[in-house]
Amino acid sequence: MPPYPWLFDGSPSQPTQQGLDLLAYILSLGRARQLSGFDRQTLAASVLPGKSDMAMAGEPSARATPPAVPIAMMGGYSLSAPLLHLASDPDDLQEEVSRGGTIFAANCASCHGSAGKGDGKASVSLLPKPADLTAARFSDERLSSVLWNGVAGSSMPPWRQLPTEDLRALVAYIHNLHVPGAAPSTQDVKTLDEGKSLFAANCASCHGDTGAGDGPAAGALAPSPTNFHLKKPTQGRAWDVLENGVPGTAMPPWQSQLSADQRRALVEFVRSLYGPPQENSRQ
């Protein structure tokens with residue numbers, strides 16, 4: 001292991017930005033294990049005394065010292081993620097978008113790119129690739145969960161160390177990155193019914209019967225299959241995924257199994273699922 005003095009400004013306590021970037025990448029390795037909570041569960045089982053031992057020791061509130069892991073890298077899914085709604089006042093919303101852009105540039109652009117297209121400098125070494133945030137519409141619930149919990153099986157860490165108002169500003173900025181299409185889809189019932197049948201036969205085992213990402217195979221997959229009630233891909237993005245799959249995930253290409261017309265029907269069907277399931281009449 002050779003020295004790397006060019007990664008420091010004359011002192012081990014003064015790393016350059018390149019040094020910090022390298023450290024961040026190294027810390028991202030092994031994230032599937034971190035996100036599972038396995039290490040913390042093992043630590044608790046091996047270090048924490050049992051109730052009887054604690055009572056005998058006279059320390060009923062004894063706790064193990066958690067491992068020194070940067071908070072941004074602490075994994076484990078939390079159901080307590082706050083739901084980050086956008087400001088209702090237009091002026092407040094614009095202020096959130098502006099502040100969110102600053103926070104995004106400082107924390108997210110190295111992976112997601114300055115314009116949120118998933119093409120940041122670090123993206124070339126990541127698999128699966130960082131999300132192209134311009135290629136889908138995300139619900140507040142989905143963005144809140146990702147910012148709070150990260151994405152298991154990817155390099156996306158949780159950011160729950162940021163103040164809630166900063167996370168809300170990020171949600172506002174990410175919403176602002178997605179530009180809706182010029183006109184809504186006008187596919188007929190026949191096309192959607194065909195897409196529903198194709199989805200049930202080919203996609204439901206992972207994405208679930210209703211497209212909520214909860215199929216029987218989903219529990220073993222990381223990243224988890226897309227919940228189409230919380231994420232609406234653009235037509236272009238959905239078509240690209242069906243043609244090429246998503247490298248680094250369990251999503252395969254379907255170009256050889258399905259005809260172009262069948263893939264178009266599937267694109268329209270999955271896009272029709274966005275929104276609360278109870279409000280979607282085509283479940």
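In the predicted model, aspartate 261 forms a salt bridge with arginine 264, the closest N and O atoms of the two being 3.0 Å apart. Both residues belong to helix H12, which covers residues 260–272, and they are separated by 3 residues, or about one turn of the helix. Aspartate 261 counts as exposed, at 54% relative accessibility, whereas arginine 264 is partly exposed, with a relative accessible area of 45%. This pair is one of 4 salt bridges held by the structure.

A salt bridge within a helix also occurs in H11 (residues 235–244), where aspartate 240 and arginine 237 lie 3 residues apart, again about one turn of the helix. The closest N and O atoms of aspartate 240 and arginine 237 are 3.6 Å apart, a value that falls within the 4 Å limit applied to such pairs. Aspartate 240 is partly exposed at 31% relative accessibility, and arginine 237 is likewise partly exposed at 31%.

The salt bridge between the side chains of arginine 99 and aspartate 166, with an N to O distance of 2.6 Å, links distant parts of the chain: arginine 99 lies in helix H5 and aspartate 166 in helix H8 (residues 164–177), 67 residues apart. Arginine 99 is partly exposed, at 32% relative accessibility, while aspartate 166 is buried, with a relative accessible area of 17%. A further relation across the sequence involves serine 98, which is placed in helix H5, spanning residues 90–107. The C-alpha atoms of serine 98 and leucine 170 are 9.3 Å apart in space, although the two residues are 72 residues apart in sequence. Serine 98 itself counts as partly exposed, with 47% relative accessibility.

At the level of the whole chain, the model contains 12 helices and 2 strands, and these elements follow the pattern α-α-α-α-α-α-β-α-α-α-α-β-α-α when read along the sequence. Of the contacts in the protein chain with a separation of 6 or more, 58% are accounted for by residues 24 or more positions apart. Buried residues make up 36% of the 283 residues, and the chain exposes about 16,600 Å², of which carbon and sulfur atoms supply 57%.

Burial is pronounced in helix H7 (residues 140–149), which is mostly covered, with 8 of its 10 residues buried. The buried residues of H7 are Asp140, Leu143, Ser144, Ser145, Val146, Leu147, Trp148 and Asn149. Just after H7, glycine 150 adopts a positive phi of about 75 degrees.

Helix H1 likewise has a glycine just after it, glycine 30, with a positive phi of about 75 degrees. H1 has 12 residues and reaches 17 Å from its first C-alpha to its last, which is close to the 16 Å expected at 1.5 Å a residue. Isoleucine 26 is placed in H1, which runs over residues 17–28, and is partly exposed at 47% relative accessibility. Together, Leu22, Tyr25, Ile26 and Leu29 make a nonpolar surface patch of about 360 Å².

Two cis peptide bonds preceding proline may also be described. Leucine 127 and proline 128 are joined by a cis peptide bond with an omega of about 0 degrees, and proline 128 lies in the loop between helix H6 (109–112) and strand S1 (136–138). The peptide bond from alanine 222 to proline 223 is cis as well, with omega near 0 degrees, and proline 223 is found in the loop between helix H10 (204–207) and strand S2 (231–233). As a general matter, most peptide bonds are trans, and most residues other than glycine have a negative phi.

A search of the whole structure for disulfides finds 0. The sulfur of cysteine 203 is 8.7 Å from the closest cysteine sulfur, that of cysteine 206, and this distance is too far for a bond, since a disulfide requires a pair of cysteine sulfur atoms within 2.5 Å. Correspondingly, cysteine 206 is in no disulfide, the nearest cysteine sulfur being that of cysteine 203 at 8.7 Å. With regard to solvent accessibility, cysteine 203 counts as buried, at 12% relative accessibility, whereas cysteine 206 is partly exposed, with a relative accessible area of 23%.

Key:
Residues numbered from 1 in each chain as written. Predicted model: local features only at pLDDT ≥ 70, side-chain atom pairs only at ≥ 80, totals over all residues. Heavy atoms only, no water. Buried < 20%, exposed > 50% of the residue type's maximum accessible area, 1.4 Å probe, protein only. Patch = residues over 30% accessible without salt bridge, like charges linked within 9 Å, V, L, I, M, F, W, Y side chains within 5 Å. Areas by Shrake-Rupley, 256 points an atom, 1.4 Å probe, with all protein chains shown as cover. Helix = DSSP H or I, 4+ residues; strand = E, 2+ residues; numbered from the N terminus. Contact = heavy atoms within 4.5 Å. Expected span 1.5 Å × (residues − 1).
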